[in-house]
Amino acid sequence: MLADRWRALDALTGRVLSPGRLLLAWLLTAVFMLGWTFAVLGLQSATEGGISYVYAAAYLILAAGSAIPSLLGIRAGLRTEKQARQRLRLWASLDSDAVRDAGFRAPGRVWFRLLMSLLPCAGALAVGGAFVAELLTAPGAPKDGSSLAYAWGLTAPMAAAGAYGVATALAHRRWLRSLNRQRR
């Protein structure tokens with residue numbers, strides 16, 4: 001029974017903290033940001049009128065073709081991780097093995113996830129800061145809504161992807177602490 005528990009916890013820990021899942025989340029975020037950019041371009045083309053309506057339609061089709069699948073992929077990933085976390089808690093509640101449970105600490109993978117998740121957060125801060133600096137320092141800059149839309153479309157997804165990675169790393173640490181409390 002303990003061997004099955006150990007194998008299940010090892011597989012679930014590897015699935016939750018795998019670098020591939022982090023890279024997939026980044027990829028889906030980048031595809032969503034591309035879709036957002038196409039949507040803004042489409043709306044700008046639609047406001048110009050005339051022949052630009054054809055470009056607007058093409059841009060909006062590209063936007064839907066990239067943003068919708070990426071959002072569905074992100075949703076599926078969040079759902080999968082939630083199920084893995086639930087299974088981790090259930091398997092961990094069966095029994096404890098002090099020697100083998102120490103291996104689930106995975107400090108390298110947790111730190112990798114945590115530090116690499118700070119990169120999108122820093123990118124979001126840089127893009128948002130550049131937008132605000134441009135607004136404050138350029139008095140003659142046009143203040144149309146497209147620059148704000150670009151800033152939101154690039155800043156918010158990067159910040160969300162970074163927050164997701166940080167939350168995953170911290171949730172694993174919290175789970176490990178609860179695992180150690182069970183042993184006492």
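# Close-up views of a six-helix chain

In this protein chain, take the contacts between residues at least 6 apart in sequence: 89% of them join residues at least 24 apart. Keep in mind that what you're looking at is a predicted model.

**Figure 1. The whole chain is built from six helices and zero strands.** Follow the protein chain along its sequence and you get the pattern α-α-α-α-α-α. Of its 184 residues, 35% count as buried. The accessible surface of the chain adds up to about 10,700 Å². Carbon and sulfur atoms account for 70% of that surface.

**Figure 2. Sixteen residues come together in the largest nonpolar core.** Which members touch the most others in this core? They are L9, L88, F104, W175 and L179. Four helices each supply at least two residues of the core: α1 (2–16), α3 (52–94), α5 (107–137) and α6 (145–183). Helix α6 gives the most, with five residues. Here's a general idea to go with this view: in soluble globular proteins, nonpolar side chains tend to be buried together.

**Figure 3. Zoom in on F104, one of the core residues that touch the most other members.** What does F104 touch, once you leave out residues up to four places away in sequence? Its partners are W6, L9, D10, T13, H172, W175, L176 and L179. Three of these names should ring a bell: L9, W175 and L179 are also on the list of core residues with the most contacts to other members.

**Figure 4. T29 sits in helix α2 and touches residues from elsewhere in the chain.** Is T29 buried or exposed? T29 is buried, because its relative accessible area is 8%, and the cut-off for buried is under 20%. Skipping residues up to four places away in sequence, T29 touches I74, P157, M158 and A161.

**Figure 5. F112 is a residue of helix α5 that touches P19 and L22.** Those two contacts leave aside residues up to four places away in sequence. With a relative accessible area of 37%, F112 is partly exposed. This view also lets you check a spacing: how far apart are the C-alpha atoms of F112 and G165? They are separated by 9.9 Å, although the two residues are 53 residues apart along the chain.

**Figure 6. E81 and R85 meet in a salt bridge through their side chains.** The distance here, N to O, is 3.9 Å. Both residues lie in helix α3, four residues apart, and that's about one turn of the helix. Are E81 and R85 buried or exposed? Both are buried. The count of salt bridges comes to one.

**Figure 7. F32 and W36 make up one of the two aromatic pairs in the structure.** A handy thing to know before you look: a pair of aromatic rings is described by the distance of the centres and the angle of the planes. The structure holds two aromatic pairs. For F32 and W36, the ring centres are 6.3 Å apart and the planes are at 50°, so the pair is tilted. Both residues belong to helix α2, four residues apart, about one turn of the helix. F32 is buried, with a relative accessible area of 17%, whereas W36 is partly exposed at 33%.

**Figure 8. The rings of F38 and Y59 form a stacked pair.** Why does this pair count as stacked? The ring planes are at 20°, so the pair is stacked, and the centres are 6.2 Å apart. This pair links distant parts of the chain, with F38 in helix α2 and Y59 in helix α3, 21 residues apart. At 19% relative accessibility, F38 counts as buried. Y59 counts as partly exposed, at 26%.

**Figure 9. W36, L148 and W152 form a nonpolar patch on the surface.** How much accessible area do W36, L148 and W152 have together? It comes to about 330 Å². You've already met W36: it is found in helix α2 (residues 19–48), and its ring pairs with that of F32. At 33% relative accessibility, W36 counts as partly exposed. That also explains why W36 can be part of a patch, because patch residues need over 30% relative accessible area.

How values were computed
Residues numbered from 1 in each chain as written. Predicted model: local features only at pLDDT ≥ 70, side-chain atom pairs only at ≥ 80, totals over all residues. Heavy atoms only, no water. Patch = residues over 30% accessible without salt bridge, like charges linked within 9 Å, V, L, I, M, F, W, Y side chains within 5 Å. Areas by Shrake-Rupley, 256 points an atom, 1.4 Å probe, with all protein chains shown as cover. Salt bridge = Lys/Arg side-chain N within 4 Å of Asp/Glu carboxyl O. Buried < 20%, exposed > 50% of the residue type's maximum accessible area, 1.4 Å probe, protein only. Core = buried A, V, L, I, M, F, W, Y, C linked by side-chain atoms within 4.5 Å. Contact = heavy atoms within 4.5 Å. Phe/Tyr/Trp six-rings, centres within 6.5 Å; stacked < 30°, edge-to-face > 60°.
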